[in-house]
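Grab a viewer and a coffee. Here are some exercises on cysteines, strands and domains, each with a worked solution.

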Amino acid sequence: MKVFILVALFGLGLAQHSPQMKYGRTSVVHLFEWRWADIAAECERYLAPNGYGGVQISPPNEHILVNDPFRPWWQRYQPIGYNLCSRSGNENELRDMITRCNNVGVNIYVDAVINHMCGSGGGAGTHSSCGSYFNAGSKDFPDVPYSSWDFNDNKCSTSNGEIQNYGDIYQVRNCRLVGLLDLALEKDYVRGKVVEFMNTLINMGVAGFRVDACKHMWPGDLSAIYGSLNNLNTQWFSGGSRPFIYQEVIDLGGEPITTSEYVHLGRVTEFKYSAKIGNVFRKWGGEKLSYTKNWGEGWGFMSSGNALVFIDNHDNQRGHGAGGASVLTFFDARLYKMATGFMLAHPYGVTRVMSSYRWNRNFVDGKDQNDWVGPPSNSDGSTKSVPINADSTCGDNWVCEHRWRQIRNMAIFRNVVDGQPQSNWWDNGNSQVAFGRGNRGFIVINNDDWNLDATLSTGLPGGTYCDVISGDKSGSSCTGKQITVGSDGRAHFWISNSDEDPFIAIHADSKL
């Protein structure tokens, strides 16, 4: 009997590694702090037509409201209950968005905050996004309900109830993360409330969850919660499909809690990928792009089948949570596009594209004093809609990296080459590299301070291809560069180091 249970749990874990995307789609886009109505429209008008597979949404449940007209983004990560009204919209708008995105084949993944409630200094009053009463000081959250019995304070051994030593796994998992009230997830009652919340969303049609702050939860508690989740809604997913689980575990090495403790439960966010790819493209510490020939497991990353990867996320683009100066963001647009192109061309992991909003950075002693700034907002603190310009970019300080031609076209490239092995590697010993994906695609990147001039084996059938970085295939012509591949699969590439985008990508569907 024990063997059967272990096999069943192992099978659940493997099933939860699958993003459950529709055939031919491979990438997630994080529409950070977008309103539900705008996400629904974006699924229909842009994400589905351009082959994006899913959207990570901001936490949908009720949260604190900081009394400031420019409400910080982090208030979404301080829940006070599981009612579905947030600064992104109400429950009906959320349901409409999930339905409309599913109807065009774009999955929804919820950012689930289940480790904690709001900060202990949250006070009392009707301050939630639903207008609900709560009292953080007495740990009273009547909307759930949770009381002081449902938190871990009695298990934390530190003098102030806070994590003081990340080398102590008991502190990290039983004490408060920056003052946030830590839920006692070993209690059946608390687990039940979390499962009820997540199952409500599954029944509405979400495809899975990005689970926040997993390093601060015991793997056994998470296993029990995940094992109690419903299968996905059969209106949009095949019978028996399990929710996709990807867990935020920040592991750059040097701490006792590692990603290896969580990979059997679902995928895990590979923060080393983000940190190291920034070093490589910035050429810091003597790094060269040619060193990425064994990119992935060869760089000490977890196995590809366990990883969710990204160039930046909402935390580390602000210097939070494994955020170092190497992390590339939209502020470094030229390098950012190259690194994202590399990520989307490379077979490692499930890829997530960031879609941000702009804020005015203000560095004092190396720290951005404006890292708290919330999304573009109206005078009453409500989130602004995302306006779409005539050239397909976004306005009102919404950055929309997923709409940049180079990134959109590389998301399509990834779809076209899906399942093909990395092949035909070439490098110049410095920071010019090229590689293919079987006979379906080929990318060439010049991150050196001089021109690239080389004839390379692409693995592609002979013919004329449109470079999808400098332009698009349009009918029987290209709006950007053309690349001619000979009958022997070889093609000549010339890339100036001063080009706006010093890389070229061609694939089977960009052939004329």
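The exercises below start with the disulfides and finish with a strand pair and the domains; keep in mind that this is a predicted model.

**Exercise 1. Find how many disulfides the whole structure has, and give their pairing pattern.**

Step 1: Run the search over the whole structure, and five disulfides turn up.
Step 2: Number the bonded cysteines in sequence order, and the pairing reads 1-3, 2-4, 5-6, 7-8, 9-10.

**Exercise 2. Work out the handedness of the disulfide between Cys43 and Cys101, and where its two ends sit.**

Step 1: Check the bond. The sulfur atoms of Cys43 and Cys101 are 2.1 Å apart, and the cut-off for a disulfide is within 2.5 Å.
Step 2: Look at the torsion about the S-S bond. For Cys43 and Cys101 that torsion is about 90°, so the disulfide is right-handed.
Step 3: Place the ends. Cys43 belongs to helix H2 (residues 36-47) and Cys101 to helix H3 (residues 91-103), so the link connects distant parts of the chain, 58 residues apart.
Step 4: Look at exposure: Cys43 and Cys101 are both buried.

**Exercise 3. Do the analysis again for Cys156 and Cys175: which hand does the disulfide have, and which parts does it tie together?**

Step 1: The S to S distance for Cys156 and Cys175 is 2.0 Å, and a disulfide joins them.
Step 2: With a torsion of about 100° about the S-S bond, the disulfide of Cys156 and Cys175 is right-handed.
Step 3: Cys156 is in the loop between strand E6 (134-135) and helix H4 (169-174), while Cys175 is in the loop between H4 and strand E7 (180-182). The pair therefore ties together parts that are 19 residues apart in sequence.
Step 4: Both ends check out as buried, Cys156 as well as Cys175.

**Exercise 4. Is the disulfide of Cys466 and Cys478 left-handed or right-handed, and are its ends buried or exposed?**

Step 1: Cys466 is joined to Cys478, S to S 2.0 Å.
Step 2: The torsion about this S-S bond is about -85°, so the disulfide of Cys466 and Cys478 is left-handed.
Step 3: The link runs from strand E19 (residues 463-466), home of Cys466, to strand E21 (residues 477-478), home of Cys478; the two cysteines are twelve residues apart.
Step 4: Buried means under 20% relative accessible area. Cys466 has 0% and counts as buried; Cys478, at 15%, is buried too.

**Exercise 5. Explain why Cys118 has no bond to Cys130, and check Cys214 as well.**

Step 1: The closest cysteine sulfur to that of Cys118 belongs to Cys130 and is 14 Å away, too far for a bond.
Step 2: Cys118 counts as buried, at 0% relative accessibility.
Step 3: Cys214 is in no disulfide either, with the nearest cysteine sulfur, that of Cys175, 18 Å away.
Step 4: Cys214 also counts as buried, at 0% relative accessibility.

**Exercise 6. Describe how the side chains of strand E23 are arranged, and how E23 pairs with E18.**

Step 1: Walk along E23 (residues 490-495), where the side chains alternate. Ala491, Phe493 and Ile495 point to one face and are buried; Arg490, His492 and Trp494 point to the other and are not.
Step 2: Strand E18 (residues 452-457) runs antiparallel to E23, joined by six bridges.
Step 3: Pick a bridge: Leu456 has Ala491 in E23 as its partner.

**Exercise 7. What are the domains, and how far apart are their C-alpha centres?**

Step 1: Domain 1 covers 14-269 + 357-398, and domain 2 covers 422-510.
Step 2: The C-alpha centres of domain 1 and domain 2 are 39 Å apart.

Technical notes:
Residues are numbered from 1 along each chain as its sequence is written. This is a predicted model: local features need pLDDT of at least 70, side-chain atom pairs count only at pLDDT 80 or more; totals for chains, interfaces and linings use all residues. Side-chain values use heavy atoms; hydrogens and water are left out. Helices (H or I, at least four residues) and strands (E, at least two) are DSSP runs, numbered from the N terminus. Buried means under 20% relative accessible area, exposed over 50%, partly exposed in between (1.4 Å probe, protein chains only). Domain bounds come from an automatic or database domain assignment. Two strands pair if DSSP finds at least two bridges between them.
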